[in-house]
Structures are given as structure tokens and as C-alpha cells.
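Trainee: Please take a close look at a single part of this structure. Give me the setting around that part too.

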Amino acid sequence: MIPNIIGYHTNSKEKCERYISEGIFIESKDIKWLGHGMYFWDNFSNAVYWKNEKIRKMEASELLIIKANVLIDELLDLTDLQVLEFINEMRIIYCERIDRRKRNAPMGKKLDALFKMFKELDESYSVMKVNGFYKKTPVSDFFVESNNSMITNKVKTIYCVRRKEKAVEAEIFEKEVA
Amino acid sequence: MSTESIKILQNCLKKLKEMPQEEFDKMVNEKGLGEAFEEDDSVYEDDDFTLILPEKDDVFTLESSWGGCFSFNSGCLPYFFSESKNESKKLDLNKQNNYGLAA
């Protein structure tokens, strides 16, 4: 039994279609999030949000959303405090040893560097999970009216798939919307 | 988190702590890690969201936690433990969190 989640990826029509038809992995060269990999949202609404953001910023007009099974048997879960503490300590030590001025280097670069440095890390973890805090997302009335400041809708869960075999049964989920 | 997972992370951390600086520098050069820290080549704007790993001292536990929900002080992000998962014999694309055999 392999644990999985349904992930949603937003990208250009061309890239999405090539991924579906030819299996060409859409690998982001990110440096600020979780480094190299194909990024998936954990629900469709978040994928739509990202699509709308891209359109709003006029970065693209022909966008599609892919749905896939993301296999998380080799998951580095950065929402797990125990995992976080290890990675954070590694991050601090690594940055101090390499160059003190680079302590504030983008997270994605640091994670990529750690994966390159340690073969066992690279071989053991194929997918990373993290939460992003979207400060511009308005707080839902549901949470405001329930008067519970601990619950929020400003957090979006993101999966970074580092190996293409961990995203399977992909299909176009929504037709192109200009 | 599995015991094996913890061991992997522990081992990596231990290696990093104990590695002589000369060996560390050599590895950085061989793997081209020194060049990875140029901060200008970002492909993303940073006004959309932030990913922040909290420092240990920043973390505090709520008195009434919900499924391991933790809240952090400003500049950090709240997050939650993974949801429970239901087992399923067959992988179903329409259901989240199913255990199943990959195609």
C-alpha cells in the first residue's frame, strides 16, 4: 500500500500537454520555495488561485490544471516539527560553514544543496511537503465570526515532487480558460 | 515520522556537524554547491507568500492543541500535522488520502 494524495499543478497549456502526452516532467528551477521539482497544490481551489495569479500578473494566458496522484511514501514533511528541527539545524550548520553571509540565502537553494551533499537524503526523500502562509488572502468570515484566532484559511499546502515517478496517473483536470 | 526516517536525518546531521572543514570545502567544490547561493537569480516574486522555517526558540505549544496544531510568532507560519488516511484497496483519483497500489 503506497500512501498518496491528489495533487494539482498549474502551468502553461504547452507544458501541461507535453507532460501528459510525452511525460516531460515540469521541473521548476525554483530557489525560494523547496528547490527543484514539480509543484502541486493539495486542492483544486489553490491551483485555481495560482492560475488566476498568473493571469492577473499577465505572466500567461493559456493555463491548464493537471491532476495527479502524488505518491508520498518517501515524504520529507516540513509540516512535521520533528522533521523541521533536523532540517533547520542542518540548514544553520551548513550556512555557517559555507559562508556566514549566505545564511539568508533562499530556502530552495539551501534544500537543493543539502540534497546534493547527502546521498541518503536524496535517495530517501522524493517528495517534500510544506505550508505557505498567504498574507494577502482575506480571512474567511467563517473564521472571523467563529471568533477563533487559531484557525485560518491563509495557509496553502504545497508538495514538491523531486522525482517524476512520484506523480502518476496525471490528467488534464480543467480546460483552458483565457 | 518513522524510526528509519529519523535515523536518516540524524545521520545526515551528525555527518554535517562532524565533517572536517577541509572535507566540507572539498565537497562543496566537487558538487558545485558554492555557486548555488547567488541571490539574484530568483524566478519568483516574494510578495505572494512566505515559506519560513521557525527557529527552535520561536516555537511554543498551545495549551489546547488541536491534532498537533502549533502557532508561531510573527513572521512564521502555522501548520498542521497530516490528516489521518483511510485505507482503500483500489486507488481512486477522486478521493484524497487513499492508500493504494500505484498503477
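Mentor: Charges come to mind at once. Chain A carries 30 positive and 28 negative charges, and their mean positions lie 7 Å apart. Bear in mind that this model is predicted. The accessible surface of chain A is about 8000 Å². Carbon and sulfur atoms account for 50% of that surface.

Now the part itself: helix 4 of chain A. Helix 4 runs over residues 107-117. Ten of its eleven residues are buried, so this helix is mostly covered, given that buried means under 20% relative accessible area. Charged side chains are on the buried list: Lys109(A), Lys110(A) and Asp112(A). Met107(A), Leu111(A), Leu114(A), Phe115(A) and Met117(A) are buried as well. Gly108(A) and Ala113(A) complete the set.

What covers helix 4? Which elements do its buried residues pack against? Within chain A, the partners are strand 4 (75-77), helix 3 (81-98), helix 5 (119-124) and strand 5 (127-133). Chain B adds helix 1 (3-18) and helix 2 (21-30). The cover on helix 4 therefore comes from both chains.

Step back to the whole chain. Chain A has six helices and seven strands. Their order along the sequence is β-α-β-α-β-β-α-α-α-β-α-β-β. Of its 178 residues, 56% are buried. Take contacts between residues at least 6 apart in sequence: 75% of them join residues at least 24 apart. The radius of gyration is 17 Å, which agrees with the value near 16 Å for a compact globule of 178 residues. Along the principal axes, the C-alpha trace spans about 50 × 50 × 40 Å.

Two other spots in chain A are worth a look. One is Cys16(A), in helix 1 (residues 13-22). Cys16(A) is buried because its relative accessible area is 0%. Beyond its neighbours within four places in sequence, Cys16(A) touches Asn11(A), Ile26(A), Leu64(A), Ile66(A) and Ile172(A). Ser28(A) sits twelve residues along the chain from Cys16(A), with 13 Å between their C-alpha atoms.

The other spot is aromatic. Twelve aromatic pairs occur over all chains. In one of them, Trp41(A) meets Tyr49(A) edge-to-face, with 6.4 Å between centres and 90° between planes. Trp41(A) counts as buried because its relative accessibility is 4%. Ring pairs also tie Trp41(A) and Tyr49(A) into a cluster with Trp33(A), Tyr39(A), Trp50(A) and Tyr134(A).

Technical notes. Residues are numbered from 1 along each chain as its sequence is written. Chains are lettered from A and ligands numbered from 1 in the order in which they are written. This is a predicted model: local features need pLDDT of at least 70, side-chain atom pairs count only at pLDDT 80 or more; totals for chains, interfaces and linings use all residues. Side-chain values use heavy atoms; hydrogens and water are left out. Helices (H or I, at least four residues) and strands (E, at least two) are DSSP runs, numbered from the N terminus. The radius of gyration is taken over C-alpha atoms; the globule rule is 2.2 Å times the number of residues to the power 0.38. Buried means under 20% relative accessible area, exposed over 50%, partly exposed in between (1.4 Å probe, protein chains only). Contact means heavy atoms within 4.5 Å. Accessible areas come from the Shrake-Rupley method with a 1.4 Å probe; for residues, only the protein chains shown count as cover. The place of a charge is taken as NZ of Lys, CZ of Arg, CG of Asp or CD of Glu. Rings of Phe, Tyr and Trp (its six-membered ring) pair if their centres lie within 6.5 Å; planes under 30 degrees apart count as stacked, over 60 as edge-to-face and the rest as tilted.
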